[in-house]
Amino acid sequence: MFQIGKAIISDDILEKDFVCNLSACKGTCCIDGEAGAPLEDKETEILVDIYADVKPYLRPEGVLAIEEQGAFVKGADGEWETPLINKEECAYVVYSDKGIAKCGLEEAFNNGATKWKKPVSCHLYPIRINEYEELTAVNYHKWQICDPACSLGEELQIPIYKFVKEALIRKFGKEWYKKLENIALDNSK
């Protein structure tokens, strides 16, 4: 582990390789699990504000889940998260013609309907962030369904921190990311 500012970062972020392989996993991370996507407090307001613009991109069952539960819910752990359809997939999930789960929020963003891409927790995956009073833990979340992403990352030799560069900059800023790159460079010597 190492530290940048108030962030404690797992070595896995630098050492493990990862590139999403949607053709292999079909976006299972959006439909498996026991909870919705973790949300930061400010993201709950954003979801409410953009819902009307995102709604046309969602499936009817997603719209129904959101209209019954709200744009966000409090999870069993007491934290904010996206609502689920029938306690399974994220209410914001849509499917491609090939049956690959995608994010309806990101589809709306990609089509210019909103200026917000998706929850930072989704954007950062496979990194998970835990905020504590004095520090922020930045860890790799190993999940078996992502084994194809690990294999593709190894094949392409792309470490996690490079794969999620845009998301890390979004969360921590360019200066922070530059420090991370420098640490990675020093570790590779």
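The following questions and answers concern the sheet, helices and nonpolar cores of a predicted model.

User: In what order do the four strands of the open sheet stand?
Analyst: The pairing in this sheet is mixed. β1 (2-4) and β9 (127-131) stand at the edges, each with a single partner strand, so one side of each has no neighbour in the sheet. From one strand to the next, the twist averages 25°. The order is β1-β2-β10-β9.

User: Which residue in β10 is the bridge partner of isoleucine 8?
Analyst: Strand β2 covers residues 7-9 and strand β10 covers residues 136-140. The two run parallel and are joined by three bridges. In β10, the partner of isoleucine 8 is alanine 137.

User: What angle does helix α10 make with β1?
Analyst: Helix α10 comprises residues 174-188 and lies across β1 and β2. Contact here requires heavy atoms within 4.5 Å. The direction of α10 relative to β1 is about 150°.

User: Which element gives the most to the largest nonpolar core?
Analyst: In soluble globular proteins, nonpolar side chains tend to be buried together. The largest nonpolar core here has 25 residues, and those with the most contacts inside it include Ile9, Ile127 and Leu180. With four residues, the element that gives the most to this core is α10.

User: How many residues does the other core have, the one with Leu58 and Val63 among its members?
Analyst: This core lies apart from the largest one. Ala101 and Cys103 are also among its residues. The number of residues in this core is 20.

Note on methods: Residues are numbered from 1 along each chain as its sequence is written. This is a predicted model: local features need pLDDT of at least 70, side-chain atom pairs count only at pLDDT 80 or more; totals for chains, interfaces and linings use all residues. Side-chain values use heavy atoms; hydrogens and water are left out. Two strands pair if DSSP finds at least two bridges between them. Axes are lines fitted to C-alpha atoms, for helices over the stretch in contact, and angles run from 0 to 180 degrees between N-to-C directions. A nonpolar core is a set of buried Ala, Val, Leu, Ile, Met, Phe, Trp, Tyr and Cys residues joined through side-chain atoms within 4.5 Å. Buried means under 20% relative accessible area, exposed over 50%, partly exposed in between (1.4 Å probe, protein chains only).
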